[in-house]
Amino acid sequence: MSRPPAPPPEIAPVATALLERAPHLGTRMARRIRAEVDYYGSEERVPFGELSASCCRNTRLVFGQLADSGPAEDLASAHDTGRERARQGAPLGELLHAYRVGSQFLWSELTSAARGAGEVSSETVVALAAWWVNEGLAAAASDAYRQAAAQLLLQRERARAALVEALFTGLLTDRTTLWEAATTLGLPAEGTFLVVAAEVPAPGREALPGFEARLSGEQTRSAWRLMPDLQTGVVALRGAGGEEDVVRLARLYADARVGISPPFGSLRETPRALRLARLALTGLPGGSAGVARFDDSVLAPLVAAAPEEAGRIATAVLGRVLAVEPAERARLLGTLEHWYAAGGSVPRAAKRLYCHPNTVRYRLRRLQELTGRSLQDPRVAAELAVALQALRQLPDETAPGEGA
């Protein structure tokens, strides 16, 4: 902030006379501000005594500087006011409006007194007013407001991040604490929720950029955290179709694997829901983008819940299939995938594979020969389904292909 212009000597007597009336002028200035600035019209937000005292200090500061021509370095009151209004959440525009109203009042009084003295030109008053109105107290208060607002924002973000972390890790268990956390995070204390877990492309990068803002735009409240491997969020559902709306939007934004938990009724259940969302995510094929709900298939989450056993299951059931030439292995496993997707119907599986039904039958017989298991036995079909799902958890080179 620049220094104020040096006042001419002839203005000192006028400023000295006004300085003696500082308490009276400060009270009048406070009344003017209260009448013209909405935020200051409430006694609860800014008590009149506080406003009047601040106006009196500012009056003494301005006219004191003009009276003795000393540098206006003591802007502490303006800094204090700016910081206090930031802490109160007052709009910056209202703060600056108040200073404009106050400045206009002071310079109106100075102009009238100077005109009566007859020795101070209007050009002199205008030159001095230009600095004090455009910079001076208003600039000092504005700078302090912005600094305080930035600090408060950083503090709130830290507090919010800590609360989200506590919510996901189960550190918030007391009902009162949960209610307070929900209020801070902008979530309802009661309702229906679900957790979304998305695999990030790289540490520090969001997996679903823009998703939170889209939810907010559709009046769906949520709270998110970003970890090195996952972006996770708890979402408050709106109405009966809320879950489907979230899933629909997730599919629009998903460029990686995304898992969604079943709905739950209390924020206290968030840690468990996160585990289910992660299981749903790991049930998707590695390296592919997609959205999986835990309730869509209980088989995938069950297999994902025991990743160390996935290789053993796949090898025990499909070992001889995995040992054949890679192209044939891909055809056999791909055919089995499509047969399951077709509900065990050979004709429908053939349509999905764009081949003749006899080709599907041949490949299924070949699978039965290699595994020593009959697909006619429901228990065996279930075992093969589990093994096929377990195979998804293994490195890509052993995963089933399209099998065309």
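**Questions on a Predicted Protein Model**

Biologist: How many disulfides does a search of the whole structure find?
Modeller: This is a predicted model, in which local features need pLDDT of at least 70 and side-chain atom pairs count only at pLDDT 80 or more, whereas totals for chains, interfaces and linings use all residues. Residues are numbered from 1 along each chain as its sequence is written, and side-chain values use heavy atoms, with hydrogens and water left out. A disulfide is a pair of cysteine sulfur atoms within 2.5 Å. The number of disulfides found in the whole structure is 0.

Biologist: Which cysteine has the sulfur nearest to that of Cys55?
Modeller: Cys55 is in no disulfide, and the nearest cysteine sulfur is 8.8 Å away. Cys56 is in no disulfide either, the nearest cysteine sulfur being that of Cys55 at 8.8 Å. For Cys55, the nearest sulfur belongs to Cys56.

Biologist: Does Cys55 count as buried or exposed?
Modeller: A residue is buried under 20% relative accessible area, exposed over 50%, and partly exposed in between, using a 1.4 Å probe and protein chains only. Because its relative accessibility is 3%, Cys55 counts as buried.

Biologist: What percentage of the 404 residues of the protein chain count as buried?
Modeller: The protein chain has 17 helices and 5 strands; helices (H or I, at least four residues) and strands (E, at least two) are DSSP runs, numbered from the N terminus. Of its 404 residues, the part that counts as buried is 46%.

Biologist: What is the order of the strands in the open sheet?
Modeller: Two strands pair if DSSP finds at least two bridges between them. Strands of a sheet pair through backbone hydrogen bonds, either parallel or antiparallel. Here 5 strands form an open sheet with mixed pairing, in the order β2-β3-β1-β4-β5.

Biologist: Which are the edge strands of this sheet?
Modeller: An edge strand here is one that pairs on one side only. The edge strands are β2 (222-226) and β5 (290-293).

Biologist: Over how many bridges do β1 and β3 pair?
Modeller: Strand β1 covers residues 193-199 and strand β3 covers residues 230-236. One bridge joins Glu199 to Leu230 in β3. The two strands pair in the antiparallel sense, and their bridges number 7.

Biologist: Which residue of β5 stands opposite Val258?
Modeller: Strand β4 pairs with β1 in the antiparallel sense over 3 bridges, and in β4 the bridge partner of Val196 is Ile260. Towards β5, by contrast, β4 runs parallel, with 4 bridges. In β5, Val258 stands opposite Val291.

Biologist: Which residues point the other way from Arg257 and Gly259 in β4?
Modeller: In a regular strand the side chains alternate between the two faces of the sheet. Arg257 and Gly259, both buried, point one way from β4. Pointing the other way, and also buried, are Val258 and Ile260.

Biologist: At about what angle to β5 does helix α10 run?
Modeller: Contact means heavy atoms within 4.5 Å. Axes are lines fitted to C-alpha atoms, for helices over the stretch in contact, and angles run from 0 to 180 degrees between N-to-C directions. Helix α10 (residues 242-253) lies across β1, β3, β4 (257-260) and β5, and its angle to β5 is about 155 degrees.

Biologist: What span should the 13 residues of helix α11 have?
Modeller: Helix α11 covers residues 270-282, and its buried residues include Leu274 and Leu281. The expected span is 1.5 Å times one less than the number of residues. The end C-alpha atoms are 18 Å apart, which agrees with the expected span of 18 Å.

Biologist: With which residue does the side chain of His338 make a polar contact?
Modeller: His338 is in helix α14 (residues 326-341) and counts as buried because its relative accessibility is 14%. A polar contact is a pair of N or O atoms within 3.5 Å; within protein, one must be able to donate a hydrogen and the other to accept it, and residues adjacent in sequence count only if both atoms are side-chain atoms. At 3.2 Å, the side chain of His338 makes such a contact with the side chain of Arg352.

Biologist: Near what value is the phi of Tyr354?
Modeller: Tyr354 lies in the loop between α15 (346-353) and α16 (357-371), and it is exposed, with a relative accessible area of 79%. Its phi is positive in a residue other than glycine, with a value near 55 degrees.
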